[in-house]
2 protein chains.
Amino acid sequence: MSKASGRLEFWYEFSSTYSYIAAMRIERLAEAAGVTIDWRPFLLGPIFQAQGWNTSPFNLYPAKGRYMVREMERLAAEHGVPFRMPAVFPQNSLQAARLALAGAEAGWIVPFTKAVYLAEFRDGADISDRTVLEGVLRGLKLDPAPVFARIATADIKERLKEQTDLAQESGIFGAPSFIVGDELFWGNDRLEQALELAKGR
Amino acid sequence: MSKASGRLEFWYEFSSTYSYIAAMRIERLAEAAGVTIDWRPFLLGPIFQAQGWNTSPFNLYPAKGRYMVREMERLAAEHGVPFRMPAVFPQNSLQAARLALAGAEAGWIVPFTKAVYLAEFRDGADISDRTVLEGVLRGLKLDPAPVFARIATADIKERLKEQTDLAQESGIFGAPSFIVGDELFWGNDRLEQALELAKGR
């Protein structure tokens, strides 16, 4: 087993298709590189709003949106990851992100993150629907009630806000993003390059 | 010498930093892949305007702009390509694009394209300045006067307009873009993937 020599922050947004692809492949690549991943869910919505966008750029700019869908098909085939566009896009990811922060406290953020992404982009489910998120939690052998009680606290709400503020202060403008030391990398396709840098740290 | 088995359209904009990196490395990669490159200068301005943008997204969205400059430094180092941001960005690329189309007729589009990019992103020159473009032409042992007379014709002006319309109809929304058959690839970092597809054709 390789010993982690470096750290990489993986900043992801639950409504982001490219974040999904990155989430499904980052563990294997990080293990091979001996790099520890710090999973950092955040919300792109407030960052997009600060740029004057009220929805995803893939909706605002249709040519870009069509391209993204085609590229997702290619990436899914390349990486052996199932993919379909959900009926609603982008999805409201607020509850999922708060749950992920509860999972970070309790040690289940990684399997939770992947299960939410699969519900959304493999099964086409609506991750703003509480019953969908309850199903994800149950799939991880977790009792949904106390977890939802936890994310209703001001503490978790504030922590997600801080995490999103920190993303913005770090220069993040899209997802996924990777941070190694002071270096920012944007996009699923930069994951290998970011890991290469993290390796040397 | 490898025999070309496929074709790839290389759509580039003279004011685009990522197009510059692609232009500097595409010949070597295409030669190795045995792929013929069809050099297609076009204007992003009208496409951006149709999206409601009056300048580069790197100016409209400062975090994205700062990231681009840092990534250019990394890419330049990785590919051994000189780079500096010109004082004016983005530059007005209309005359350069028209000259490139004259060069496509006359067989010097490739060296002209690279020389314009080097003037802009290695030397920091202003490529909307006619004397800069005249210098580029002279560097290629071309007499500037008849070339500028050629691009003043309605024919060349119309051809650039058609090329830009065709880019938009092909779903292009940024530069560089690569087209292989019906498949569109956006971004310098997709060049290898596009060549891989072109190879099989």
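## An exposed loop residue with an unusual backbone angle

K141(A) lies in the loop that connects α7 and α8 of chain A. This description concerns a predicted model. The phi angle of K141(A) is positive, near 65°, and the residue is not a glycine. Most residues other than glycine have a negative phi, and most peptide bonds are trans. With a relative accessibility of 77%, K141(A) counts as exposed, because the category begins over 50%.

The corresponding position in the other chain can be described in similar terms. K141(B) is placed in the loop between α7 (130-139) and α8 (144-151) of chain B. Its phi is also positive, about 65°, although K141(B) is not a glycine. K141(B) is exposed, with a relative accessible area of 78%.

## The relation between the two chains

Two copies of a chain are related by a rotation about an axis and a shift along it. Here, a turn of 180° with a shift of 0.0 Å along the axis lays chain B on chain A, and the RMSD is 0.0 Å. The two copies are therefore related as by a two-fold rotation axis. Both copies use the same surface, since 100% of the contact residues of chain B recur in chain A.

Which residue of chain B comes closest to the rotation axis? That residue is D189(B), whose C-alpha atom is at 4.0 Å from the axis.

## The sheet of chain B

Strands of a sheet pair through backbone hydrogen bonds, either parallel or antiparallel. In chain B, four strands make up an open sheet with mixed pairing, in the order β2-β1-β3-β4. The edges are occupied by β2 (35-41) and β4 (183-186) of chain B; each has a single partner strand, so one side of each has no neighbour in the sheet. From one strand to the next, the twist averages 25°.

Within this sheet, β1 (residues 6-12) and β3 (residues 177-180) of chain B pair in the antiparallel sense over three bridges. E9(B) has I179(B) as its bridge partner in β3(B). Helix α1 (residues 17-33) of chain B packs on the sheet and touches β1, β2 and β3 of chain B. The direction of helix α1 makes about 160° with that of β2(B).

## Buried residues and the nonpolar core

The largest nonpolar core contains 146 residues. The members that touch the most other members are L8(A), F10(A), F14(A), F112(A), L8(B), F10(B) and F14(B). Leaving aside residues up to four places away in sequence, L8(B) touches I26(B), V35(B), T36(B), I37(B), D38(B), F178(B), I179(B), V180(B), A194(B), L195(B) and A198(B).

Is T17(B), a residue of helix α1 of chain B, buried or exposed? T17(B) is buried, because its relative accessible area is 1% and the limit for a buried residue is under 20%. Residues up to four places away in sequence again excluded, T17(B) touches M68(B), M72(B), F83(B), M85(B), F89(B) and F121(B).

## Helix α5 of chain A

Helix α5 (residues 94-106) of chain A has 13 residues, which at 1.5 Å a residue should span 18 Å. The end C-alpha atoms of the helix are 19 Å apart, in agreement with that expectation. After α5(A) comes G107(A), which has a positive phi near 90°.

The buried residues of α5(A) are A96(A), A97(A), R98(A), L99(A), A100(A), L101(A), A102(A) and G103(A). Among the elements of chain A that cover these residues are β1 (6-12), β2 (35-41), α6 (109-121), α7 (130-139), α8 (144-151) and α9 (154-169).

## Cis peptide bonds and a further exposed loop residue

The peptide bond from A175(A) to P176(A) is cis, with omega near 0°. P176(A) belongs to the loop between α9 and β3 of chain A. In chain B, a cis peptide bond joins F89(B) and P90(B), with omega about -5°. P90(B) is located in the loop between α4 (62-79) and α5 (94-106) of chain B.

D182(A) occupies the loop between β3 (177-180) and β4 (183-186) of chain A. At 82% relative accessibility, D182(A) is counted as exposed. D182(A) and Q51(A) are 131 residues apart along the chain, and their C-alpha atoms are separated by 23 Å.

Conventions:
Residues numbered from 1 in each chain as written. Chains lettered and ligands numbered in written order. Predicted model: local features only at pLDDT ≥ 70, side-chain atom pairs only at ≥ 80, totals over all residues. Heavy atoms only, no water. Least-squares fit on C-alpha atoms with pLDDT ≥ 70 in both. Contact = heavy atoms within 4.5 Å. Core = buried A, V, L, I, M, F, W, Y, C linked by side-chain atoms within 4.5 Å. Buried < 20%, exposed > 50% of the residue type's maximum accessible area, 1.4 Å probe, protein only. Helix = DSSP H or I, 4+ residues; strand = E, 2+ residues; numbered from the N terminus. Expected span 1.5 Å × (residues − 1). Pairing = 2+ DSSP bridges. Axes fitted to C-alpha atoms, helices over the stretch in contact; angles between N-to-C directions.
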